[in-house]
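Thank you all for coming. I would like to take a few minutes to walk through one structure, going slowly enough that everybody can follow on their own screen.

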Amino acid sequence: MENQKCGSIFDIGFRTLVEQSSEAIVVFDTDTGRFVDANTKALHLFGLEREALYRLGPLDVSPPTQPDGRSSSKVANEKIQQALSGGTPAFEWKHRNTAGDDIPCEKRLVRLPMAGRNLVCASITDISERLQVEQALVRLERLRALGEMAAGVSHNLNNILVGVLGPAQLLQETTDDPQLLLHAENIVASGRR
């Protein structure tokens, strides 16, 4: 009787941990290719009700191809086999919600030991925000590099102009020839602009 209570408490505690996880968690049967369990976060990620999710499998909530260009079914079969062999593959994956939006994710698979069934648990983290921040940082770094390059060009151009303005100003101060004076004033005015 006490073991049953502990098992029951463990089951309740485990379910609470899964439901409160910051990650979407799904369990699917590799023989049927269908989901058999999911936490609320997974339902929200895919935009599905629980009963609807149980009629689907991982490929039904994924685009046909993945970011590396390979077909989703090929990559999924490879990663599932790794998990069934005792590995814990971690990889980037794109899922697709019911609105048709692709969601970049990090995914980790692990085989669940259950007699007579081939179950795999997947924990899924939506990395959309992280990728947006990374892209913003890349753009910022490019702008910074462009700013440094512009400052260098400006400095070099200023050095060249000093070499032109100095003699033109000297010519302005020392010439009596009106034609040379006009040219010198044009050079100084253009250089200052």
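**Salt bridges, rings and overall form**

Let me start with one residue in what is a predicted model: E141 is partly exposed, since its relative accessible area is 41%, and a value in between 20% and 50% is what partly exposed stands for. Which residue does E141 meet in a salt bridge? The partner is R144, and the N to O distance between the two side chains is 2.4 Å. Both residues belong to helix 5, and because they are three residues apart there, about one helical turn separates them. R144 is partly exposed as well, with a relative accessible area of 42%. As a general point, side chains of opposite charge can pair when their charged atoms come close.

If you stay on helix 5, which covers residues 128–174, you will also find L146. This leucine is partly exposed, with a relative accessible area of 48%, and together with L143, M149 and V153 it forms a nonpolar patch on the surface. Taken together, the four residues of that patch have about 420 Å² of accessible area.

Now let me step back to the whole protein, which has six helices and five strands. Read from the N terminus on, the elements run α-β-β-α-α-α-β-β-β-α-α. The radius of gyration is 33 Å, whereas the globule rule gives 16 Å for 193 residues, so the protein is more spread out than a compact globule. Along the principal axes, the C-alpha trace spans about 115 × 40 × 30 Å. Of the 193 residues, 28% count as buried, and the protein exposes about 12,800 Å², of which carbon and sulfur atoms supply 57%. If we take the contacts between residues at least 6 apart in sequence, 36% of them join residues at least 24 apart.

Next, please look for E23, which sits in the loop between helix 1 (2–20) and strand 1 (24–29). What does E23 touch, once we leave aside its neighbours within four places in sequence? The contacts are N39, K41, R108, S123, I124 and T125. With one of these, R108, E23 forms a salt bridge in which the closest N and O atoms are 2.1 Å apart. Because R108 lies in strand 4 (residues 102–114) while E23 lies in the loop between helix 1 and strand 1, this pair ties together parts that are 85 residues apart in sequence. R108 itself is partly exposed, at a relative accessible area of 30%. For a sense of distance, you can also set E23 against L171: they are 148 residues apart in sequence, and their C-alpha atoms are 75 Å apart in space.

The count of salt bridges comes to 10, and there is another one that I would like to show you, between K79 and E78, where the closest N and O atoms are 3.9 Å apart. Are K79 and E78 buried or exposed, or something in between? K79 is buried, with a relative accessible area of 15%, whereas E78 is partly exposed, at 31%. These two residues also belong to a network of salt bridges that links them with D68 and R70.

Let me turn to the aromatic rings, where the structure holds three aromatic pairs. One of them joins F28 and F35 in an edge-to-face arrangement, with 6.3 Å from centre to centre and 85° between the planes. Both F28 and F35 are buried, and ring pairs link these two with F46 into a cluster.

F35 also leads us to the last residue on my list, Y54, because F35 is among the contacts that Y54 makes beyond its neighbours within four places in sequence, along with R34, V36, D37 and A38. Y54 lies in the loop between helix 3 (50–53) and helix 4 (72–84), and it is partly exposed, with a relative accessible area of 29%. Y54 and D37 are 17 residues apart along the chain, and their C-alpha atoms are separated by 7.3 Å.

Conventions:
Residues are numbered from 1 along each chain as its sequence is written. This is a predicted model: local features need pLDDT of at least 70, side-chain atom pairs count only at pLDDT 80 or more; totals for chains, interfaces and linings use all residues. Side-chain values use heavy atoms; hydrogens and water are left out. Patches are made of residues with over 30% relative accessible area and no salt bridge: like charges are joined within 9 Å, nonpolar side chains (Val, Leu, Ile, Met, Phe, Trp, Tyr) within 5 Å. Accessible areas come from the Shrake-Rupley method with a 1.4 Å probe; for residues, only the protein chains shown count as cover. Helices (H or I, at least four residues) and strands (E, at least two) are DSSP runs, numbered from the N terminus. Buried means under 20% relative accessible area, exposed over 50%, partly exposed in between (1.4 Å probe, protein chains only). Contact means heavy atoms within 4.5 Å. Rings of Phe, Tyr and Trp (its six-membered ring) pair if their centres lie within 6.5 Å; planes under 30 degrees apart count as stacked, over 60 as edge-to-face and the rest as tilted. The radius of gyration is taken over C-alpha atoms; the globule rule is 2.2 Å times the number of residues to the power 0.38.
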